[in-house]
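Colleague: Please give me a close look at the lining of one pocket in this model. Then set out how side chains from separate parts of the chain come together elsewhere.

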Amino acid sequence: MTASSSHEAEGHPDDHITPRDIFLGASALTAEIALSFMIAIFVKNVEPTLSIFVILFFRYLFCLPLLFVYGWFKRGRDVLKISNKRVLVFRTISGFLGLLSWFLAVSLIDLSLATALAQIMPFFITILAVIMLGEKVGIRRMLAVVAGFIGVMVLLGPTQISNPSWGILVGLAAPFFAALMFIFLRMLGKGEAPVSTALWYNMAGVVLAFGISQYQEATFPSFDHNLSLWLMLIGIGVLASLQQLLMALSHTFAPASVLAPVHYTAVPMGIFCGVFFFDEHITSSLILGTAIIIAANYYIL
């Protein structure tokens, strides 16, 4: 769930793309995806000790310094200048709910399963683009969306479909809210500086996560907590900011349509991390359902 950053990408004319551009863009995007799994591993390890909202607070807080440096370099004194505040609010809320759902999902269910469910985000984007942006979507693409959701049913199996766990529900909510966020980002992208919207989003995230943590009376780590806990909390935030910068960098070399297949590397990465770090078991339904989802994604692309 990487999400607040892809908006920072800038267009790149297709006719000027060289093999070197594609290699550099794909390398930056692959590194961004790898960082997302490092964050997921940290969250999965920290969550038994701290509330998910406390983890979110530190994620947003430690994400800000590098983004401010980058924003000042790009925009100077206009680093926080935003015109479309209404859409920014919707982008912030959907982004916060998407990240919250993703963190909950990776803490409650297998990382490999959460990763597979995250691949349905393009299906939600296709549907929401019709509803919210009035985009035309042909019957074949809609059939691909239907096929993708059939893949989800294969992935989950009859038990989870009839009586889904809380982890499955938030695992499905994460790509929905992420898709909603990308729709709002497309609206903002028509006139707003991406780094400025990212900064406002992360600053709002600090306030929201802190306020909910206080309401929950959640425990914050003290300075005498073990060093590894603090390193993981700092790492979650710093890696999140590097994620956003790498995503932006990848799209300066090649457009999203060229780089889209690279996103599918998240599936083998998620499976590897789940098996290697958490001893997860890979089932045939996971493999078959994920294959159907990826095939539907590829057709929509």
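**A pocket lining and the contacts between helices and loops**

Modeller: Three helices, α4 (111-118), α6 (139-162) and α12 (284-300), each contribute at least two residues to the lining of the second largest pocket. The model is a predicted one. Of the contributors, α6 gives the most, with three residues. The space in this pocket comes to about 160 Å³. Its lining consists of D110, S112, L113, L155, L156, Q160, I168, H281, T283, S285 and L286. Sorted by class, five of the lining residues are nonpolar, five are polar and one is charged.

Aromatic contacts come next. The structure contains 18 aromatic pairs. One of them joins F57 and F220: the ring centres are 5.5 Å apart and the planes meet at 75°, so this pair is edge-to-face, because an angle over 60 degrees is required for that class. F57 belongs to helix α2 (residues 52-75), while F220 belongs to the loop between α8 (194-216) and α9 (227-253), so the contact ties together parts that are 163 residues apart in sequence. The two partners fall into separate accessibility classes: F57 has a relative accessibility of 11% and counts as buried, because the limit for buried is under 20%. F220, with a relative accessible area of 23%, is partly exposed. A further pair is formed by F176 and F177, whose ring centres are 5.4 Å apart and whose planes are at 65°, so it too is edge-to-face. F176 is partly exposed, its relative accessible area being 30%.

F57 and F220 also belong to a wider group, since ring pairs link F57, F58, F62, F210, F220, F223 and W230 into a cluster. Another residue approaches F220 through the backbone: the C-alpha atoms of L50 and F220 are separated by 7.3 Å, although their positions lie 170 residues apart along the chain. L50 is located in the loop between α1 (19-46) and α2, and it counts as buried at 6% relative accessibility.

Charged side chains also meet aromatic rings. R91 lies over the face of Y201, 4.0 Å from the ring centre. The charged end of K44 is placed over the ring of F278, at 5.5 Å from its centre.

As for contacts between opposite charges, one salt bridge is found in the whole structure. Its partners are R186 and E135, with 2.1 Å between the closest N and O atoms. This pair links distant parts of the chain, 51 residues apart: R186 is in helix α7 (residues 166-188) and E135 is in the loop between α5 (121-133) and α6. R186 is partly exposed at a relative accessible area of 39%, and E135 is partly exposed at 32%.

Two loop residues merit a note on backbone geometry. E217, in the loop between α8 and α9, has a phi near 60°, a positive value in a residue other than glycine. E217 counts as exposed at 70% relative accessibility. D279, in the loop between α11 (266-278) and α12, likewise has a positive phi, near 55°, and is a residue other than glycine. The relative accessible area of D279 is 58%, and D279 is therefore exposed, because the exposed class begins over 50%.

Technical notes:
Residues numbered from 1 in each chain as written. Predicted model: local features only at pLDDT ≥ 70, side-chain atom pairs only at ≥ 80, totals over all residues. Heavy atoms only, no water. 1 Å grid on protein atoms, 1.4 Å probe; cavity = no way out; pocket = protein on both sides within 12 Å on 5 of 7 lines; lining within 4 Å. Points joined across faces, edges and corners; volume = space filled by probe spheres on them. Helix = DSSP H or I, 4+ residues; strand = E, 2+ residues; numbered from the N terminus. Nonpolar A, V, L, I, M, F, W, Y, C, P; charged D, E, K, R; others polar. Phe/Tyr/Trp six-rings, centres within 6.5 Å; stacked < 30°, edge-to-face > 60°. Buried < 20%, exposed > 50% of the residue type's maximum accessible area, 1.4 Å probe, protein only. Lys NZ or Arg CZ within 6 Å of the ring centre and 35° of its normal. Salt bridge = Lys/Arg side-chain N within 4 Å of Asp/Glu carboxyl O.
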